[in-house]
Structures are given as structure tokens and as C-alpha cells.
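Dear colleague,

I am passing on the structure we discussed, with notes on what turned up in it. Please look it over before reading on.

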Amino acid sequence: MSDVMGQCLCGAVRFRLSGELRNVVICHCGQCRKWHGHVGAYTRVPISALRIEDERSLSWFRSSEKARRGFCRDCGSSLFWERIGSDQMSVAAGTLDEPTGLSTRLQIFAEDAGDYYEIDDRIPVRAPGATGT
Ligand SMILES: [Zn+2]
Ligand SMILES: [Zn+2]
């Protein structure tokens, strides 16, 4: 399986993902909607499979007790979500170069969805209160 490259809008943060990428999960939670301007759409890899090739402009925002979010401080692209202490990194799917080989397979926190759009009922929705992706 070949590597997938990703970068922020301005190119100051560039990274490489190797190995198998998890299919995309859409997160409707209020934090993701604030952070991305709309829903979050993430693939995920072991941190060992993420190589940040240019991190001049990578900054981290501690978004909650349990998580931090990585972004480009030059262009503002939102890139990463990491649970503190986890060995996994969630990566915003829209930052990846195509073809990604990915498809969207699950929606989470649909109960927190914004009031300005419809949930796509062709994509399975995780039950409220359930955990794991
Ligand atoms: Zn940038
Ligand atoms: Zn979220």
C-alpha cells in the first residue's frame, strides 16, 4: 500500500501517512463544527504511521481535558485530533492528496448535529452514548 500525503492549505505543514488508513468517520459534535467550520471528517492512523515532513507552522490547541487539535498557524487549516496519551492520530480527510482510497463509513455524535443541515442517512450513524469508532 503506497503512502498518502497530506498538507495544509498553504503547504507549510506537510505530512505522510503509511500503512492502512481507517475509513472516514464524520463527527457532528459541536467542537468539530467550530474547529472545522462544519463537521469533522477523519481518517486515523497509529502515530508511528504519521511522519510530519514539515512542521514549521504546526501548532496545537488543547481543546478539552482529553484531547488536542493540530493546525497550521499560517493558514489556519485544521489537521489533526489526538486523544492525550493515545497511540493513534485522527487526520482530517480533506487535507489528504487524492486518490485517498478512503470512503466514509460512519457518523458519530449525530445527536449534536447542527440545525442547518440534514444527516445523510445513507451513512451509518453510531448510537448516542456508544463509544469507539
Ligand atoms: Zn498552512
Ligand atoms: Zn467531533
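In this predicted model, the zinc ion (ligand 1) has as its protein donors Cys8 (SG), Cys10 (SG), Cys72 (SG) and Cys75 (SG), which lie 2.3 to 2.4 Å from it; donors are N, O and S atoms within 2.8 Å of the metal (3.2 Å for Na, K and Ca), and because water is not among the atoms, sites may look incomplete. The angles that these four donor atoms subtend are 107 to 112 degrees, which makes the arrangement tetrahedral (for four donors, all angles between 85 and 135 degrees). Along the chain the donors of ligand 1 follow the spacing C-x1-C-x61-C-x2-C, and two of them link distant parts of the chain, with Cys8 in the loop between β1 (4–7) and β2 (14–17) and Cys72, 64 residues apart from Cys8, in strand β7 (residues 67–72); strands are DSSP runs (E, at least two residues), numbered from the N terminus. Cys8 is buried at a relative accessible area of 3%, and Cys72 is buried at 0%, where buried means under 20% (1.4 Å probe, protein chains only).

The zinc ion (ligand 2) is coordinated at 2.1 to 2.3 Å by Cys27 (SG), Cys29 (SG) and Cys32 (SG), with the spacing C-x1-C-x2-C. Of these, Cys29 counts as buried at 13% relative accessibility, and Cys32 is buried at 3%.

Residues are numbered from 1 along each chain as its sequence is written, while chains are lettered from A and ligands numbered from 1 in the order in which they are written. Local features need pLDDT of at least 70, side-chain atom pairs count only at pLDDT 80 or more, and totals for chains, interfaces and linings use all residues, while side-chain values use heavy atoms, with hydrogens and water left out.

Best regards

Definitions and conventions: Tetrahedral: all angles 85-135°; square planar, octahedral: opposite > 155°, others 65-115°. Helix = DSSP H or I, 4+ residues; strand = E, 2+ residues; numbered from the N terminus. Buried < 20%, exposed > 50% of the residue type's maximum accessible area, 1.4 Å probe, protein only.
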